[in-house]
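Biologist: I should like a close look at a single part, the second largest pocket, followed by an account of the features connected with its lining. How much space lies in that pocket, and which residues are the closest to its centre?

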Amino acid sequence: MDSRPTFDVPRPLRIEGLGLQLREWSADDMADLVAIYDDPEIDRWTPVASPFDTEAARAYLAAAEQKGTEGHVVQLAITTDGGVPQGEILLFRSAADERDVELAYGVGAAYRGRGLATRAVRLAVDFVKGRAAVRRVVLCIEDGNGASQAVAKAAGFVPTDDEPVVREAKGRVVVLRAWSHLEGDDVAGEGRRQ
């Protein structure tokens with residue numbers, strides 16, 4: 001039995017604000033999910049395996065549904081209108097400290113440079129701080145991932161003095177630095193939950 005703290009969220013979950021609608025994935029999103037994750041940059045900086053095809057997308061969505069039902073991970077499509085997914089944001093309890101909630105995200109190549117990740121992170125921070133008893137909201141970013149570091153700064157995160165998080169992904173050891181959201185920085189005050 002898994003004793004990790006869970007998220008008690010309404011289902012289906014939709015978070016709106018900052019020109020975005022974060023929503024749960026559906027079976028209709030299969031082709032969009034493949035387009036987002038079958039990408040060299042996603043492969044380079046995330047644990048998602050490449051190549052990422054329809055079969056991988058089907059397994060990914062099934063796992064997301066299972067983890068969501070268990071309350072351990074919230075995985076939401078990033079959209080501008082509730083329609084076509086342009087990326088994804090995940091919320092989960094940190095493996096380093098269960099009192100922290102960690103966020104992770106990816107944006108499809110066709111949608112980068114529009115501030116989607118920054119806005120999605122801001123909405124997720126607002127959501128987490130409004131619903132869950134947490135010590136901190138954190139991002140864990142690999143050294144050299146300048147794009148994610150820029151998102152972290154723009155969304156109100158600063159590097160911490162925490163020991164690096166070491167994970168194994170795709171047969172290599174990945175060293176991640178923790179970034180923590182600044183307390184009292186309600187950057188997504190206009191976000192609404194449904």
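Modeller: On a 1 Å grid over the protein atoms alone, a pocket is an open set of points where a 1.4 Å probe fits, with protein on both sides within 12 Å along at least five of seven lines; lining residues have an atom within 4 Å of a point. A volume is the space filled by probe spheres set on the points, which are joined across faces, edges and corners. The model is predicted, so local features need pLDDT of at least 70 and side-chain atom pairs pLDDT 80 or more, whereas totals for chains, interfaces and linings use all residues. Residues are numbered from 1 along each chain as its sequence is written, and side-chain values use heavy atoms, without hydrogens or water.

The second largest pocket holds about 220 Å³ of space. Its lining consists of 17 residues, and those closest to the centre are Arg11, Glu24, Ala64, Glu65 and Gln75. Helix α3 (54–70) and strand β3 (73–79) each contribute at least two lining residues (helices, H or I, of at least four residues and strands, E, of at least two are DSSP runs numbered from the N terminus). With five residues, α3 provides the largest share of this lining. Sorted by class, the lining comprises 10 nonpolar, three polar and four charged residues (nonpolar: Ala, Val, Leu, Ile, Met, Phe, Trp, Tyr, Cys and Pro; charged: Asp, Glu, Lys and Arg; polar: the others, including Gly).

Two of the residues closest to the pocket centre, Arg11 and Glu65, deserve a further look. Glu65 is joined to Arg11 by a salt bridge whose closest N and O atoms are 3.3 Å apart (a side-chain nitrogen of Lys or Arg within 4 Å of a carboxyl oxygen of Asp or Glu). This pair brings together distant parts of the chain, since Glu65 belongs to helix α3 and Arg11 to the segment before β1, 54 residues apart. Glu65 is partly exposed, with 43% relative accessible area, and Arg11 is likewise partly exposed at 38% (buried is under 20% relative accessible area, exposed over 50%, partly exposed in between, with a 1.4 Å probe and protein chains only).

The backbone at Arg11 also calls for comment. The peptide bond that runs from Arg11 to Pro12 is cis, with omega near -5°. Pro12 sits in the segment before β1 (14–17). A further cis peptide bond links Ser50 to Pro51, and its omega is near 0°. Pro51 occupies the loop between α2 (40–45) and α3, and α3 is the helix that gives the pocket lining its largest share.

Beyond β1 lies a backbone feature of another kind. Leu18 is not a glycine, yet its phi is positive, at about 55°. Leu18 lies in the loop between β1 and β2 (20–24), and it counts as buried because its relative accessible area is 17%. Lys170, also not a glycine, has a positive phi of about 55°. Its place is the loop between β8 (165–169) and β9, where Lys170 is partly exposed at 41%.

The bridge at the pocket can be set among the others, as the whole structure contains 13 salt bridges. Arg135 and Asp97 form one of them, with an N to O distance of 3.3 Å. Here, too, distant parts of the chain are linked: Arg135 is in the loop between α4 (116–131) and β6 (136–142), and Asp97 in the loop between β4 (87–93) and β5 (100–107), 38 residues apart. Arg135 is partly exposed, with a relative accessible area of 37%, whereas Asp97 counts as buried at 16%.

Glu142 and Arg172 form another salt bridge, at 3.1 Å from N to O. Because Glu142 lies in strand β6 and Arg172 in strand β9, this pair ties together parts that are 30 residues apart in sequence. Of these partners, Glu142 is buried at 14% relative accessibility, and Arg172 is partly exposed at 36%. Salt bridges with shared partners also join Asp97, Arg99, Asp100, Arg135, Arg136 and Asp162 into one network.
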